[in-house]
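The report below describes selected features of a protein model, beginning with strand pairing and then turning to a helix residue and to pockets.

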Amino acid sequence: MQIAFGSGLFYATPLMDAMGNAIANPTPILLGVMQECGVDVTFDTKELFGGGQFAVDAARGMGKLTGKAKSAQISIAQWNQLIFGQTIVSGQVLVHHETTATPIPETPSITITPPAGGTVTGDLGVRTTGSVPLTRVASSPATGEYTFDLGTLTYTFAAADEDVPVFIDYRYTVATGKSLSIKNLPMGDMPVFQGELYLKYKGKSVYVRVPNFVSNKLGISTKQDDYTIPDFEFTGYEDEFGEVVYWSANE
């Protein structure tokens, strides 16, 4: 008897980008820290009824091939190959979330310096004790207000707020990492990849290959006390030889 255990391995090999261009030298990727994976084959059943309560015949109608996977690895390259098929660029966006308060000086202004030589791209608000937000204004801040100058990276407050402890948050970019800006492409444009699922248990294995998969879902949900597990869903269709799915096993 053959049985299987565990989440298995799932490999995705990109075949076409989102514009339908064949990828000349595709690089297979392994979905990292796999949590679960599945390939589902379903069919419509058409029933023929006469005067009785039960069908006198049944026939198979349209079939549907779908896949799903949950992988804990966070990878822009992986998401691009499975979902978007667009262009990855260098650099990433980081957020400075202040946890140590800075008292407003007599001046009263504070100039920020982003970590790692980053470039500030936007203000994300100022809070005081108890997470009470200050209000951003264009100029001449009054009590409980502030201004922000992106050119000088300076936050300016009301003179009356001297010594008030504030927490300053902002957005900045660095040269490391990767980024992917998703463009609104015409309907129908989508990347295509081949999916391969492999399970091995007690010396026996199961292998499933779907020659053409297109993605229809990427979900990311956070939890207060748990890991973030990206969730993928796919739809399969036949290749140029009419194959929709290939199965292999010991028994």
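## Strand pairing, a buried glutamine and two pockets

In this predicted model, strand β11, which covers residues 145-149, pairs with β12 in the antiparallel sense through 4 bridges. Within this pairing, T147 of β11 is the residue that stands opposite T156 in β12. The two strands β11 and β12 form a hairpin in which 4 residues lie between them, and L153, located in the turn, has a positive phi of about 60°.

Strand β12 (residues 154-157) also pairs with β7 (residues 109-111), to which it is joined by 3 bridges and relative to which it runs antiparallel. Here I110 is placed opposite Y155 in β12. On the other side of the hairpin partner, β10 and β11 run parallel and are joined by 2 bridges, with T135 standing opposite E145 in β11.

Taken together, these 4 strands make up an open sheet of mixed pairing, in the order β7-β12-β11-β10. Its edge strands are β7 and β10 (135-136), each of which pairs on one side only. The pairings are set out below.

| Strand pair | Sense | Bridges |
|---|---|---|
| β7 and β12 | antiparallel | 3 bridges |
| β11 and β12 | antiparallel | 4 bridges |
| β10 and β11 | parallel | 2 bridges |

Attention now moves to a residue in a helix. Is Q81, which is found in helix α1 (residues 76-84), buried or exposed? Q81 counts as buried because its relative accessibility is 18%, and the cut-off for that class is under 20%. When its neighbours within four places in sequence are left aside, Q81 is in contact with A12, P14, T27, I29, P191 and F193.

One of these contacts of Q81, P191, appears again in the description of the largest pocket, where I83, F84, D189, M190 and P191 lie nearest the centre among the 13 lining residues. This pocket has a volume of about 220 Å³, and its lining comprises 8 nonpolar, 3 polar and 2 charged residues.

The second largest pocket holds about 160 Å³ of space. Its lining is formed by Q35, E36, K70, G219, S221, K223, D226, Y227, I229 and D231, and by class these residues divide into 2 nonpolar, 3 polar and 5 charged.

Technical notes: Residues numbered from 1 in each chain as written. Predicted model: local features only at pLDDT ≥ 70, side-chain atom pairs only at ≥ 80, totals over all residues. Heavy atoms only, no water. Pairing = 2+ DSSP bridges. Buried < 20%, exposed > 50% of the residue type's maximum accessible area, 1.4 Å probe, protein only. Contact = heavy atoms within 4.5 Å. 1 Å grid on protein atoms, 1.4 Å probe; cavity = no way out; pocket = protein on both sides within 12 Å on 5 of 7 lines; lining within 4 Å. Points joined across faces, edges and corners; volume = space filled by probe spheres on them. Nonpolar A, V, L, I, M, F, W, Y, C, P; charged D, E, K, R; others polar.
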